[in-house]
Amino acid sequence: MEQQSLFRNRTFIFLFFGSFLALIGFSMFFMTTTWYVISELNSASSLGIILIAITVPRILMMAFGGVLADKFKKTTIMFSTSSIQGVLLVIIFLLHNADQLSFLYLVILGSIFGTLDAFSGPAGTSLIPKIVQKNQIKQANAIIQGLGQIGFIIGPIISGSIMEFGGVTAGYLVSSIIVLLSAFFMFPPFIKEGSVVNTLKQTPFKDLIEGLSYVKASRFLMTGILILITLNFFAFGAISIAIPILVETYGGTPINLSYIDAALGAGMLISTAIIGILKIRRRGLTSIAGLLATLLVALAFSQIPNLYILTVLAFLIGFTMTFVSIPFFTSAQEDTDPRIMGRVMSIVFLAMNGFDPLAYASVTLLVSRGFDIQFVILSFSIVGLLIAISILWRGHTFRSYKSNY
């Protein structure tokens with residue numbers, strides 16, 4: 001592969017736009033559903049159940065999503081899942097428009113949506129090392145994730161504005177259109193990914209065991225996965241479910257919710273841009289420092305009863321948490337055997353996203369039992385900090401890791 005600018009890499013550009021639109025559509029769907037459950041169903045516990053329904057199937061199927069990504073064209077997987085997700089959003093829109101969108105329908109359709117995401121996530125993350133040079137992987141990750149954060153900012157703003165003037169029905173309609181448009185950019189003839197690397201003939205179960213054994217044998221991967229789990233359970237997952245509850249508690253509107261979500265995305269975007277420019281070799285130490293910083297800000301987040309100050313703190317959480325994920329994620333892509341990339345990325349992707357539903361369940365259960373939401377966030381932050389300090393103290397292999405790129 002000839003060395004060229006990423007922005008002259010046609011394959012990367014299509015992945016760039018497809019990922020961007022998919023993130024906008026998903027963030028709109030997520031926010032619209034969040035507001036619908038909080039404002040129309042009037043139940044914080046129902047919100048937790050629905051978000052669990054969206055995310056738990058993703059956890060259960062994600063490892064097999066990595067197996068699939070190693071055996072088939074990743075572009076075919078991504079195109080198919082985005083197309084079906086778009087159709088599901090159209091169904092949700094039609095049900096809400098007919099005033100037939102019940103709690104049960106939302107749980108069922110959300111679980112299917114999450115199951116599909118279990119296949120598209122590992123496919124997308126394992127595609128990057130296949131379409132760019134190894135010394136461009138960090139920059140490619142920064143661009144894709146930075147673009148995603150722009151979508152994460154734009155999505156809630158669009159969703160909040162649409163719901164402010166057109167209601168929840170309009171929010172679902174626009175999100176379905178955007179997800180279907182993302183599928184267009186994922187169309188396999190537009191993204192030339194090359195042949196499938198994994199040609200070993202064995203059962204899916206053996207493929208899965210091989211991937212798990214590969215990860216277990218690496219102290220670097222195991223420590224990095226623990227760091228991602230800590231970040232997403234004790235900080236990001238807990239705060240994600242707390243934000244709409246806090247907005248409702250303090251008398252906010254969809255616009256206030258969109259401001260906080262947008263601030264979170266803006267912080268991630270800016271730090272992603274910085275990471276894309278800087279040459280970070282001490283990536284293990286950078287990830288640990290980012291985790292400590294994120295949890296300290298989350299600790300402050302637990303003590304503030306003001307929506308405007310919480311918006312600022314959400315920005316800082318987004319800014320710091322990106323320094324946790326991108327350095328580790330990039331190093332895992334650089335050092336992993338291409339034949340097994342999909343399975344390793346599915347496990348890493350699971351650590352990045354799969355523990356959110358456990359945080360949702362834990363937070364909503366505690367709130368429904370009468371615990372103050374800010375006390376819950378305080379408790380989560382303290383436990384997360386203790387784990388992060390332990391990793392800093394004992395994780396010598398991870399802490400001393402240096403990249404060659």
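**Reading burial, backbone, rings and helix packing**

Mentor: Asp99 has a relative accessible area of 68% and counts as exposed, because that value is over the 50% cut-off. Please keep in mind throughout that the model we are reading is predicted.

Trainee: Where does Asp99 lie, and what is its phi?

Mentor: The general idea comes first: most residues other than glycine have a negative phi. In this structure Asp99 departs from that pattern, with a positive phi of about 60° although it is not a glycine, and its place is in the loop between helix 3 and helix 4 (103-131).

Trainee: Is Thr75 buried or exposed, and which helix holds it?

Mentor: A residue is read as buried when its relative accessible area is under 20%. Thr75 has a value of 3% and is therefore buried, and its place is in helix 3 (residues 74-97). Once neighbours within four places in sequence are left aside, Thr75 is in contact with Leu127, Met186, Pro188, Ile191 and Glu193.

Trainee: What does Ala140 touch, not counting residues up to four places away in sequence?

Mentor: With those residues set aside, Ala140 touches Leu6, Phe12, Ile128 and Val132. Ala140 belongs to helix 5 (residues 137-185), and, at 0% relative accessibility, Ala140 counts as buried. Distance along the chain can be set beside distance in space: Ala140 and Glu40 are 100 residues apart along the chain, and their C-alpha atoms are separated by 41 Å.

Trainee: How would you read Ile340 in the same terms, and where is Ile340 found?

Mentor: Ile340 is found in the loop between helix 10 and helix 11, and, with a relative accessible area of 2%, Ile340 is buried. From C-alpha to C-alpha, Ile340 and Leu208 are 9.8 Å apart in space, while in sequence they are 132 residues apart. Beyond the neighbours within four places in sequence, the contacts of Ile340 are Asp70, Glu210, Gly211 and Tyr214.

Trainee: At what angle do helix 10 and helix 11 pack?

Mentor: Helix 10 (residues 307-335) and helix 11 (residues 341-353) pack at an angle of about 165°, with their axes 10 Å apart. Because an angle over 145 degrees counts as roughly antiparallel, helix 10 is read as roughly antiparallel to helix 11. Helix 10 passes helix 11 in a right-handed crossing. On the helix 10 side, Ser325, Phe328, Phe329, Ala332 and Gln333 meet Met341, Met345, Val348 and Met352 of helix 11. Sorted by class, this contact of helix 10 with helix 11 has seven nonpolar, two polar and no charged residues.

Trainee: And in which hand does helix 9 pass helix 13?

Mentor: Helix 9 passes helix 13 in a left-handed crossing. The axes of helix 9 and helix 13 come within 8 Å and cross at roughly 160°, and the two helices are therefore roughly antiparallel to each other. Among the residues that meet are Leu285, Ile288, Leu291 and Leu292 in helix 9, and Ile377, Leu378, Ser381 and Gly384 in helix 13. By class, the contact of helix 9 with helix 13 has 17 nonpolar, three polar and no charged residues.

Trainee: Thr294 lies in helix 9 (residues 283-301); is Thr294 buried or exposed?

Mentor: Thr294 counts as buried, at 1% relative accessibility. Leaving aside its neighbours within four places in sequence, Thr294 has contacts with Leu231, Ala235, Ile317, Thr320, Met321 and Val324.

Trainee: How many aromatic pairs does a search of the whole structure find?

Mentor: A pair of aromatic rings is described by the distance of the centres and the angle of the planes. The search of the whole structure finds 21 aromatic pairs. For Phe233 and Phe380, the ring centres are 5.4 Å apart and the planes stand at 25°, so this pair is stacked. Phe233 lies in helix 7 (residues 219-249) and Phe380 in helix 13 (residues 373-394), so the pair ties together parts that are 147 residues apart in sequence. Both Phe233 and Phe380 are buried.

Trainee: Which residues do ring pairs link into a cluster?

Mentor: Ring pairs link Phe12, Phe14, Phe16, Phe17, Phe184 and Phe185, and you have already met Phe12 as one of the residues that Ala140 touches.

Methods
Residues are numbered from 1 along each chain as its sequence is written. This is a predicted model: local features need pLDDT of at least 70, side-chain atom pairs count only at pLDDT 80 or more; totals for chains, interfaces and linings use all residues. Side-chain values use heavy atoms; hydrogens and water are left out. Buried means under 20% relative accessible area, exposed over 50%, partly exposed in between (1.4 Å probe, protein chains only). Contact means heavy atoms within 4.5 Å. Rings of Phe, Tyr and Trp (its six-membered ring) pair if their centres lie within 6.5 Å; planes under 30 degrees apart count as stacked, over 60 as edge-to-face and the rest as tilted. Helices (H or I, at least four residues) and strands (E, at least two) are DSSP runs, numbered from the N terminus. Axes are lines fitted to C-alpha atoms, for helices over the stretch in contact, and angles run from 0 to 180 degrees between N-to-C directions. Angles under 35 degrees count as roughly parallel, over 145 as roughly antiparallel, 65 to 115 as roughly perpendicular and the rest as oblique. A crossing is left-handed if the near helix is turned anticlockwise from the far one by less than a right angle, and right-handed if clockwise. Ala, Val, Leu, Ile, Met, Phe, Trp, Tyr, Cys and Pro count as nonpolar, Asp, Glu, Lys and Arg as charged, and the others, Gly among them, as polar.
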